[in-house]
Structures are given as structure tokens and as C-alpha cells.
Amino acid sequence: QVQLVESGGGLVQAGGSLRLSCLASGSGFSINSMGWYRQAPGKQRELVATITSSGTSDYADSVKGRFTISRDNAKNTVYLQANSLKFEDTAVYYCNAWAQIMNREYAYWGQGTQVTVSS
């Protein structure tokens, strides 16, 4: 089993920054891709950014140039540096990881961390 625990959410003014972290813990697994998704009230969960184990990243158009995803493979941790935050970035942010266990790949989700941007 793999557990994902996010941290770093909070309340920030528009134009400000936050850094989200997500730690994957457990045993007997290796992490492939990791990513961040978000869900605003009344909306579907959407992709924010993903990063492969080799460091290739991809971003939603709405956050390109403002958000940066990174990871520390030795620590099984993924980060999301969110700069120039906008009111519309307000959402619950979820960490996602694809973990390989016994030659099979499974998707795991964190419990979510609230990001609120005040205008």
C-alpha cells in the first residue's frame, strides 16, 4: 500500500505564492509518474501538472508559466511551486501517484489540501 500526504495549502492573496508538497510512503513500491490535480466547488477535478520519474513535466495551459512541478525521487516527494496565484486557482489540490507494485501499476490519491486565493 502507498499513502500520499499533502501539505502546504492555505490562504494567500492574489499575486502571492504557495509551495505544495506530497510525500509517498509505504513499502515494496516504486513511483512512476506523479502529479497534481485540483477541484474547485461545483467543477470537475482537473489536471494541473504531472512529472515522470525522469523529470519530464507537463502543465495545464491555465498554469503554464506560473506553476512549477518538481520531485525528489530519493524522498518520494513531489512539489508544486505556485506563483502569481489568481482567484481562479482556488481549489482543493490533490496529489496523484502511479506506483508499481509486483509488476502492476496502481493509482493513488492524497486526501487533498485547500488552496484559497483572495482577490
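Which residues does Arg66 touch, not counting residues up to four places away in sequence? In this predicted model, the list is Gln81, Ala82, Asn83, Ser84, Leu85, Lys86 and Asp89. Arg66 itself lies in the loop between β6 (57-59) and β7 (67-72). Is Arg66 buried or exposed? Its relative accessible area is 11%, under the 20% limit, so Arg66 is buried. The Arg66 side chain also reaches back to its own loop region, coming to 2.8 Å from the backbone oxygen of Ser62.

**The open sheet**

Let's move on to the strand that follows Arg66's loop, β7 (67-72). An open sheet is built from 4 strands, ordered β1-β3-β8-β7, with antiparallel pairing. Its edge strands, β1 and β7, each pair on one side only. From one strand to the next, the twist averages 15°. Within this sheet, β7 and β8 run antiparallel and are joined by 6 bridges. One residue pair to look for here is Ser70 with its bridge partner Tyr79 in β8.

**Strand β9 and its partners**

A good place to look next is β9, which covers residues 91-101. This strand is mostly covered, with 8 of its 11 residues buried. The table gathers the pairings of β9, together with that of β7 and β8.

| Strand pair | Sense | Bridges |
|---|---|---|
| β4 and β9 | antiparallel | 8 bridges |
| β9 and β10 | antiparallel | 6 bridges |
| β9 and β11 | antiparallel | 3 bridges |
| β7 and β8 | antiparallel | 6 bridges |

Individual residues help to place these pairings in the viewer. Met34 has Ala97 in β9 as its bridge partner, while Val92 stands opposite Gln114 in β11. Gln100 is bridged to Glu105 in β10. Strands β9 and β10 form a hairpin with 2 residues between them. In that turn, Met102 has a positive phi of about 50°. As a reminder for reading these strands, side chains in a regular strand alternate between the two faces of the sheet.

**The nonpolar core**

Which residues have the most contacts inside the largest nonpolar core? They are Trp36, Leu80 and Tyr93, in a core of 33 residues. The elements giving two or more residues to this core are β1 (2-7), β3, β4 (30-39), β5 (46-51), β7, β8 (77-82), β9 and β11 (113-118). Strand β9 provides the largest share of the core, 6 residues.

Leu80 offers a handy view into this region. Leaving aside neighbours within four places in sequence, its contacts include Trp36 and Tyr93. Also among them are Leu18, Arg19 and Leu20, along with Val48 and Ala49. Phe67, Thr68 and Ile69 complete the list for Leu80.

**The disulfide**

How many disulfides does the model contain? The count comes to 1 disulfide, and it joins Cys22 to Cys95 with an S to S distance of 2.1 Å. The link is left-handed, with -85° about the S-S bond. Cys22 lies in strand β3 (residues 18-26) and Cys95 in β9, so the pair ties together parts that are 73 residues apart in sequence. Both Cys22 and Cys95 are buried.

This brings the two strand groups into one picture: β3 belongs to the open sheet with β1, β8 and β7, whereas β9 pairs with β4, and the disulfide ties β3 to β9.

Note on methods: Residues are numbered from 1 along each chain as its sequence is written. This is a predicted model: local features need pLDDT of at least 70, side-chain atom pairs count only at pLDDT 80 or more; totals for chains, interfaces and linings use all residues. Side-chain values use heavy atoms; hydrogens and water are left out. A disulfide is a pair of cysteine sulfur atoms within 2.5 Å. Buried means under 20% relative accessible area, exposed over 50%, partly exposed in between (1.4 Å probe, protein chains only). A polar contact is a pair of N or O atoms within 3.5 Å; within protein, one must be able to donate a hydrogen and the other to accept it, and residues adjacent in sequence count only if both atoms are side-chain atoms. Contact means heavy atoms within 4.5 Å. A nonpolar core is a set of buried Ala, Val, Leu, Ile, Met, Phe, Trp, Tyr and Cys residues joined through side-chain atoms within 4.5 Å. Two strands pair if DSSP finds at least two bridges between them. Axes are lines fitted to C-alpha atoms, for helices over the stretch in contact, and angles run from 0 to 180 degrees between N-to-C directions.
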